[in-house]
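Reader: Hi! I'm new to reading protein models and would love some help with this one. Can we go through it together?

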Amino acid sequence: MNIYVILKRTFDTEEKIVIENGKISEDGVEFIINPYDEYAVEEAIKLRDEHGGEVTVVTVGEEESDKQLRTALAMGADKSVLIDDEDVEDGDQFSTAKILAAYFEDKEVDIIIGGNVAIDGASGQVGPRLAELLDIPHVTTITKLEIDGTNVKIERDVEGDVEVIETSLPVLVTAQQGLNEPRYPSLPGIMKAKKKPLEELEIDDLDLDEDEVEGKTRTLEVYLPPEKQAGKVLEGELDDQVKELVSLLRSEAKVI
Amino acid sequence: MSSSVDKKAAKGGSFLIEEVEAQSVFTPEDFNEEQILMGKTTEDFVVKEVVPQLEKIENHQFDISRDLLTKAGELGLLGADVPEEYGGLALDKISSSLITEKFSRARSFSLSYGAHVGIGSLPIVLFGNEEQKQQYLPDLATGKRIAAYALTEPGSGSDALGAKTVAKLNDVGTHYVLNGEKQWITNSAFADVFVVYAKIDGEQFSAFIVERDFEGVSTGPEEKKMGIKGSSTRTLILEDALVPKENLLGDAGRGHVIAFNILNIGRYKLAVGCVGAAKRALEVSIKYANERQQFKQPISRFTLIQEKLATMAAKAYASESSVYRTVGMYEDRLGALSPEEQKDGSLLAKGIAEYAIECSLNKVFASEVLDHVVDEAVQIHGGYGFMSEYEVENMYRDSRINRIFEGTNEINRLLVPGTLLRKAMKGELPLLQKATELQNELMMLMPEELSDEPLAQEKQFVKNAKKIFLMIAGLAVQKYGEKLEHEQEILSNVADIVSEAYAIESVVLRTEKAIQQKGAEKAAQKIRLAEIYCQEAFERIEAHAKESIVAIEDGDQLRMMLSALKKLTRYTPINVVKKKREVAAVLLKEEKYVV
């Protein structure tokens, strides 16, 4: 089986966001594999162990993403590809999907697994966009995956409910929490990862022009959510409290 | 040892008489990607698998400890120091130290881990013969079997060679029959293999590999301890225990070689664990100080809390810098051995023994830094720090044993001047010659003009600390000669001077290396920590020196030496109050130990 994982390097979940000159500062920040993509890596390795084949992990991002690829290799993936998008202006989900589509153009693909959403941009778009471009079916937020021949049975999370879907390979799926429990890279795994292939590609290598993949969105402003204000405890008769609450929700919070 | 090794790796104790280059030392900024990843795996394992079980483990549910060790084995965490041909990973010492550091978060479980991979397995790794290695190491490296180490007896602690356990070859000559009781054996509830010391015919101190299932082997009841409650501690009872004669480890009568070498390793590994624990206690305290509100503001706004945090950070920085510098030296020496030589345990042991002084220094220093840090951590937590549901309460109790086991800090202090003197006598370190040179220099000592470069003052401290060591050690040797060993207070002072000298030098070298690599701006916090630590340490050095001179000399000689000391300790102090506020500001913003 030709199993592919699309993976993104993101801020560590424990990092505090600092904005400097209208941008999110990356100074001294620790990076990780996007946690949802970790489920994707784990699922890919399990599929390979069950059905045979090869797991290739692909990322579009800056040069430093090689660390996250090495981690995926240490977990057990076989090969990895880093497509450097440094030259792409205002890269967004459109850009990433387009670049990935160009990469996959000449590949034999059985399944592509990604995370349901990246914890930074949180658009959840790259997976579905890529599937559209490759003209293959996609199923998002999956929590269970069974493959029998080319038949695929999937359970997906729909706002807390479960939807069961049957489809066939090739397919693109995105992983939701609960799909599996990602393994830690074992020490022997880490040592082996060093010797596994990590291919580095530029946009040019994919016969793409930088202009073709320039982002379609513009960021107007970046700001932090307002700091949480001190709470207010209402006092007096219950009826009066309710009235006051309603009036505050109208006048102060402006939510009703 | 080949000559290439000697050129590359620093000689043990040589820092006292040589100038050391920043580029030649290993610092925690030098971890490579793979080492960081291994540290991360360890940390993830500990935080996600071990920490949630700690309460149960500390209630002596040792089946959990046993399961966790198996899981650790599956991840390769038990094989770091075991050669590949016996199922291990043969990692470099830097990786294995980082793993040890990350394990410290597992509190008492890290003792179970440490006793297994360290003092339990290493005697076989380093001193086992081919059959013994093949028989035991693959299982130990994967966690299929767990190891323990049995040296201490009720009547022999620091005086390890005074052991009373006896081994006698049976009449048919097939088995040693062991009789005696070993005490405070970590992992004893579930260990499968014990390295046991006993005297053959009551005379030849030797090591044996003893399996739990051997006839005549049993363990006593679980001890009730002040701390590290999650590590199993029992006696090992040997009643006509039958040990196949093939299980004699190393040569008969050479057990002390094994014991002392394993102690050296145990000491530096203990120091690495203390570094990890100190960083954790600091982090927990910073977070608490930011959260805890009193007088309508977080207590971290109070400068007295800030002062505590900054001092803890400066000490943690010093201990981390010293310990990893030592790990680096050890790795330099062992890494330079050929693959063939790597297999020779006695060469590996020799490599460690070279740094016996540094191992003792680190053990004493890191365990005392940790004790200070956990003490202040409890203090910052106030009454809550005294409550068991707070992590620091546990850390406080767990910390105390570090100053006692692997050789008490007193024994380790005495070892430092003792070993230095022996090296001087053997001609390995030209200490006496340097001491004589210094005497002449002292007479004509002129204050030096310092540059404006960062660390200029701190480098001066390092230089003068070494001179103060030579001066005090020289005086003591002159005055007491052979009888010096009875002057334990002086010896301990000398050890403290050496220890602080090593610490401030390690801090300065690490900071300097960081400046060289990333520039002074990026190293700002390191520079502040170095300035704080070095000044406060230098004041302690001066106090130890003064006390020693007054004890050794009198009359004119006393006055002369005190005035020489004054010259060596003259400097313009920095405002540490201000510096500590600056350090604390960074800690409180980042909410963790950052340098």
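Author: Happy to! One term to begin with: a polar contact is a pair of N or O atoms within 3.5 Å, and within protein one must be able to donate a hydrogen and the other to accept it. Also keep in mind that this is a predicted model.

Reader: Okay! So how many residue pairs are in polar contact across the interface of chain A and chain B?

Author: The rule finds five such pairs across the interface of chain A and chain B, with both residues at pLDDT 80 or more.

Reader: Which elements of chain A give two or more residues to the side that touches chain B?

Author: Those are helix H2 (66-75) and helix H5 (187-193) of chain A. H2(A) provides the largest share of that side, with five residues.

Reader: And how do the residues on that side divide into nonpolar, polar and charged?

Author: On the side of chain A that touches chain B, seven are nonpolar, two are polar and six are charged.

Reader: How many residues are in contact overall between chain A and chain B?

Author: Chain A brings 15 residues, in contact with 19 residues of chain B. Together the two chains bury about 1500 Å², and 64% of that is on carbon and sulfur atoms.

Reader: Nice. How many salt bridges are there across that interface?

Author: The rule finds two between chain A and chain B. There is a salt bridge where the side chains of A:Asp27 and B:Lys522 meet, at 3.6 Å from N to O.

Reader: What about salt bridges over all chains, how many is that?

Author: The count comes to 53 over all chains. One pairs B:Glu320 with B:Lys279, whose closest N and O atoms are 2.6 Å apart. B:Glu320 lies in helix H10 of chain B and B:Lys279 in helix H9 of chain B, so this pair ties together parts that are 41 residues apart in sequence.

Reader: Cool! New topic: how many aromatic pairs are there over all chains?

Author: By the rule used, 24. Among them is the pair of B:Tyr268 and B:Tyr330, which is edge-to-face, with 5.1 Å centre to centre and 80° between the planes. B:Tyr268 sits in helix H9 (residues 255-291) of chain B and B:Tyr330 in helix H10 (residues 303-335) of chain B, 62 residues apart, and the pair links distant parts of the chain.

Reader: Back to chain A, then. Which domains is chain A divided into?

Author: Domain 1 covers 2-213 and domain 2 covers 227-256. Their C-alpha centres lie 45 Å apart.

Reader: Which peptide bond is cis?

Author: The one from A:Leu169 to A:Pro170 is cis, with omega near -5°. You'll find A:Pro170 in the loop between strand S11 (161-168) and strand S12 (171-175) of chain A.

Reader: Last one: what is the phi of B:His60?

Author: B:His60 has a positive phi of about 70°, although it is not a glycine. B:His60 is in the loop between helix H3 (54-58) and helix H4 (62-74) of chain B.

Note on methods: Residues are numbered from 1 along each chain as its sequence is written. Chains are lettered from A and ligands numbered from 1 in the order in which they are written. Side-chain values use heavy atoms; hydrogens and water are left out. Contact means heavy atoms within 4.5 Å. Buried area is the accessible area (1.4 Å probe) that two parts lose on being put together, summed over both. A salt bridge is a side-chain nitrogen of Lys or Arg within 4 Å of a carboxyl oxygen of Asp or Glu. A polar contact is a pair of N or O atoms within 3.5 Å; within protein, one must be able to donate a hydrogen and the other to accept it, and residues adjacent in sequence count only if both atoms are side-chain atoms. Helices (H or I, at least four residues) and strands (E, at least two) are DSSP runs, numbered from the N terminus. Ala, Val, Leu, Ile, Met, Phe, Trp, Tyr, Cys and Pro count as nonpolar, Asp, Glu, Lys and Arg as charged, and the others, Gly among them, as polar. Domain bounds come from an automatic or database domain assignment. Rings of Phe, Tyr and Trp (its six-membered ring) pair if their centres lie within 6.5 Å; planes under 30 degrees apart count as stacked, over 60 as edge-to-face and the rest as tilted.
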